[in-house]
Amino acid sequence: MSSSTAVSSARERLPGLDGIRALAIVLVLSYHLFPGLAPGGFVGVDVFLVVSGYLITALLLAEHERTGRIALGRFWRRRARRLLPALALVVGVSATAAALIGGDVLVGIGWQILGAATFSSNWLAIAQGASYLEQTSPELLRHAWSLAVEEQFYLLWPLALMALLLIPRRAPRALAVAALAVASALAMALVAGDPAADPAAASTAYYSTLTHGGGLLAGAALAMARTPLSSGRARTPRIPARVADAAAATAAIGIVLAASALAIDAALAYRGGMALVVALTVVLLVALDHPEGRAAAVLDAPVPRWIGERSYGLYLWHWPIIVLMGSALPAVERAGTGGWMLGAVALAASVALAAASYRWLEQPVRRNGLGLLRRPERHVGRLALAGGVALAVTVGAGAAVVRSPGASSAAAAIAAGEAALRAPTDAPTASVPPQPIITTTPTPPPSTPPGEDVLAIGDSVMLASAPALTERFPGIAIDAAVSRQMRQAPEILRGLAERGELRPVVVVALGTNGPIEAETLDEVRSIIGPQRELVLVTTQAPRSWTDGVNSTLTAFAERYRAVELSDWRAAIQPRLDLLAGDQIHPGPTGGEVYAEALAAPLTRLASLPRVTDYLPDPLDQR
């Protein structure tokens, strides 16, 4: 993202770096712009961190070898010239556009701008309780967290490096830094815990410099183990070129496979997944550094080099663009075809803006610094244009902060649901199924089961719909919480069963926050027992696993007479405008649609004779 471009002499010693950056940014863009294409594409950030730690340390060591010192002021000025102009433009333009759009995209914009300006976004996100795993509002500058991690490294690492250089031998220095990288990876695993059970802890582990800085340290350790760039001493390869090329290909394929297999909400990502990507990137860097190898030539080809040189701008622009497009076009479904269309447009815009920024802003500032100010009379037009742009984006950013709402529409809907569940009610809350009433005169079946017969288990979508559910089904028992997943359902239901709180009809709506497995549904069905009926609720969310979740739920409901399907997705699809800005949580009217979607299967259950036992699984009758 922000790693510096080496001088030409250094580039000869550091082959293929732009190609590695290209690989990293492609993974990140795939993850953010095209739902489901690279579920673990977030590991591209870890690739960037390794490259940054490696290159910055190599350049600092080269300077020390050449001059006997490290010029801190000059180093930090180079970093500022490399990073600040493009970042300031992106922040100002994005905030101005958000001010024009309004709504959820402005939630928390003040602290986001502050974090981007001070390179403290990651720590402010932790302090604000922002979750990388679960978002009820789109964070316009969420991606600035990784820039903050790098900048904090750039600020502190030269000081630490000067202290390490007091150790006379290279190997102990490199081993000490490598040990710190391992400690960082272990700390991430310990702090993250189980992301499904505690998303806040996982987000802290993801954002923190201490737990996510291992890639920077691993790259720095590798640079310290190598011959200094300015020494002029040629390194004799210890392995054949074909072995180096095979190692480079294996490492690159391993990174891509990790991006295909890992998930941001899975414990594996924190318990070794990202650390593995860091290790593979180190292997790739080592394997590319072979004078007779072909892998570096492949990564230094024109296309990957072009992408890698503009990777910083691509990273800066792509996330605000996709967030702004989603906020401006709330009716567009952000999963499936709609999501891919938005992603394609966002990608094209990101490439164009990154290319323009690289040519007319980043490169001129890196070459000339503030040269325009030395002879201002020769650059009146350029200075006037720059001043006008700076004034416009400053005013726009200020307007964004002023217009920022206190909470997102999704958060407001969830809060309303929580309030509805806390409100006292006069409806009976029987914890056991009522005894049947024997009469001599047959009575027609009710249109729907009474609310006292229904227990609903759900996530934040059900929580947001709670006011409508309690009104539509008086006496219904709702057990809903933010960030729940289907894997938690068996444990929840066992606890309710032990307390005698299961009811004749159990509703389960837990597909919003992750994929589900049929085995989990079998376990749910076993826990509630043959005397109860089960209603499964489909999910509506702009997320990659939504279609798979709904297919699994539908297939499961078709297998059993005592299992019904509430098709919330089909019910709300024509009225996506009734959802909050995240296209997930219903507002008051959307909650009524949710309640009516649930009433349909409950009515079907009430109009049929109660199934007293489960039918055999048709898959077993072979």
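Which residues form a positive surface patch? The views below look at this and two other spots in a predicted model.

**View 1. Four arginines make up a positive patch on the surface.** The residues to find here are R66, R77, R78 and R81. Helix α4, which runs through residues 72–101, gives the most to this patch, with three residues. R66 sits in helix α3, spanning residues 44–67. Is R66 buried or exposed? With a relative accessibility of 55%, R66 counts as exposed, because the cut-off for that word is over 50%.

**View 2. D459 is tucked into a loop and buried.** Look for D459 in the loop that links β1 (454–458) to α20 (460–464). Its relative accessible area is just 2%, so D459 falls in the buried class, which means under 20%. Which residues does D459 touch, once those up to four places away in sequence are left out? The list goes A480, A481, R484, A509, L510, G511, T512 and N513. If you're clicking around the structure, try picking out these contacts one at a time, including R484 and N513.

**View 3. L576 is another buried loop residue.** You'll find L576 in the loop between α25 (568–572) and α26 (588–607). L576 has a relative accessible area of 7%, so this leucine counts as buried. Now bring P586 into the picture: L576 and P586 are 10 residues apart along the chain. What separation do their C-alpha atoms have? Between the C-alpha atoms of L576 and P586 there are 8.9 Å.

Terms used:
Residues are numbered from 1 along each chain as its sequence is written. This is a predicted model: local features need pLDDT of at least 70, side-chain atom pairs count only at pLDDT 80 or more; totals for chains, interfaces and linings use all residues. Side-chain values use heavy atoms; hydrogens and water are left out. Patches are made of residues with over 30% relative accessible area and no salt bridge: like charges are joined within 9 Å, nonpolar side chains (Val, Leu, Ile, Met, Phe, Trp, Tyr) within 5 Å. Accessible areas come from the Shrake-Rupley method with a 1.4 Å probe; for residues, only the protein chains shown count as cover. A salt bridge is a side-chain nitrogen of Lys or Arg within 4 Å of a carboxyl oxygen of Asp or Glu. Lys and Arg count as positive and Asp and Glu as negative; His and the chain ends are not counted. The place of a charge is taken as NZ of Lys, CZ of Arg, CG of Asp or CD of Glu. Helices (H or I, at least four residues) and strands (E, at least two) are DSSP runs, numbered from the N terminus. Buried means under 20% relative accessible area, exposed over 50%, partly exposed in between (1.4 Å probe, protein chains only). Contact means heavy atoms within 4.5 Å.
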